Amino acid sequence: MELSTIYNENCLETMKRMPDCFLDFVITSPPYDDIRNYNGFTFEFEDIARQLFRVMKEGAVMIWVVADATINGCESGTSFKQALKFIEIGFRLHDTMIYYKNNPMPQTGNRYHQHFEYMFCLSKGSPKTFNPITEKTKYNGLANMKNRGKRGELLYEKIERTSEKKVGNVFCYSVGGGISTKDKIAYNHPAIFPENLVKDQIKSWTNEADLVYDPFMGSGTTAKVAQLMNRRWIGSEISTQYVEIAEQRIAQYVLDDLFV
Ligand SMILES: C[S@@+](CC[C@H](N)C(=O)[O-])C[C@H]1O[C@@H](n2cnc3c(N)ncnc32)[C@H](O)[C@@H]1O
């Protein structure tokens with residue numbers, strides 16, 4: 001298959017041409033119920049989920065970003081149904097991560113502002129790569145740890161604290177015009193990823209030269225970020241209009257065509 005390419009077709013067609021155990025990492029957000037009509041395209045969730053499982057390597061991770069539509073006053077539950085279906089197919093639900101928007105669209109009516117979407121972190125077996133994002137601990141150096149002994153007495157133990165710790169599984173991003181990306185052209189697509197979200201997830205679950213796939217490429221965010229992070233990449237996008245946007249957006253970053 002040709003890499004550094006967005007295939008303008010249903011992702012099922014692209015995946016059918018992929019060999020088994022081909023991809024190191026998948027990051028994507030599918031169409032959410034019928035919240036947006038992406039030029040009228042629908043998608044066959046279960047077939048796609050099964051193909052994804054087949055084409056991912058053992059230990060590969062997939063980040064599936066999704067939220068529910070509210071229909072007749074009730075959230076659809078599609079996100080949960082998809083997560084459970086992935087498990088049924090053979091994926092591990094490795095971690096239910098949260099994509100927290102610092103500045104969501106304000107919500108009217110009797111619901112709180114909708115601050116988050118799910119980032120289901122699914123793996124085929126145990127993740128083969130984990131480069132955790134870390135942050136500084138408040139205190140570091142030697143510390144007196146207190147514990148209780150068998151008779152309830154206080155025990156002291158000197159332990160060395162490290163200066164860095166893993167961050168939590170809620171990732172916060174500011175979103176919107178000029179923030180999610182500086183590429184103006186991307187905003188011709190109605191639902192783009194913040195580039196930093198893709199960057200954090202690619203860093204966490206891949207190494208340089210790994211092969212990244214986005215089956216719903218939209219404006220090309222995954223392609224751009226993967227390219228800048230020296231990962232190989234491939235994508236599918238069913239809408240010709242969005243492929244054109246993505247190709248214009250990433251042209252300046254994509255230097256070489258890679259083949260396998
Ligand atoms: C939520 S958007 C993805 C946006 C993308 N993450 C970005 O940063 O621009 C979902 C995309 O999936 C595309 N799509 C819908 N059904 C598809 C299918 N079966 N195969 C490939 N793409 C599809 C839509 O046209 C839409 O652009």
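What share of the contacts in the protein with a separation of 6 or more comes from residues 24 or more positions apart? Some notes on this one, starting there.

1. The answer is 70%: that much of the contacts with a separation of 6 or more is between residues 24 or more positions apart. Keep in mind as you look around that this is a predicted model.

2. For a general picture, you'll find six helices and 14 strands in the protein. The C-alpha trace spans about 70 × 50 × 40 Å along its principal axes. Of the 260 residues, 30% are buried.

3. Next, the domains. Domain 1 takes in 6-132 + 167-250, while domain 2 covers 133-166. Measuring over C-alpha atoms, their centres are 38 Å apart.

4. How do the two domains touch? Five residues on the domain 1 side are in contact with four on the domain 2 side. On the side of domain 1 that touches domain 2, two residues are nonpolar, one is polar and two are charged.

5. Now have a look at helix α5 (residues 221-228) and helix α6 (residues 240-250). Their axes come within 9 Å and cross at roughly 25 degrees. Angles under 35 degrees count as roughly parallel, so α5 is roughly parallel to α6. The crossing of α5 past α6 is right-handed.

6. Which residues do the meeting here? From α5 come Ala-223, Lys-224 and Gln-227, and they meet Ala-246, Arg-249 and Ile-250 of α6. Sorted by class, this contact has three nonpolar residues, one polar and two charged.

Note on methods:
Residues numbered from 1 in each chain as written. Predicted model: local features only at pLDDT ≥ 70, side-chain atom pairs only at ≥ 80, totals over all residues. Helix = DSSP H or I, 4+ residues; strand = E, 2+ residues; numbered from the N terminus. Buried ≥ 20, exposed ≤ 12 C-beta atoms within 10 Å, placed from the backbone. Contact = placed C-beta atoms within 7 Å. Axes fitted to C-alpha atoms, helices over the stretch in contact; angles between N-to-C directions. Parallel < 35°, antiparallel > 145°, perpendicular 65-115°, else oblique. Left-handed = near helix turned anticlockwise from the far one by under 90°. Nonpolar A, V, L, I, M, F, W, Y, C, P; charged D, E, K, R; others polar. Domains from an automatic or database assignment.
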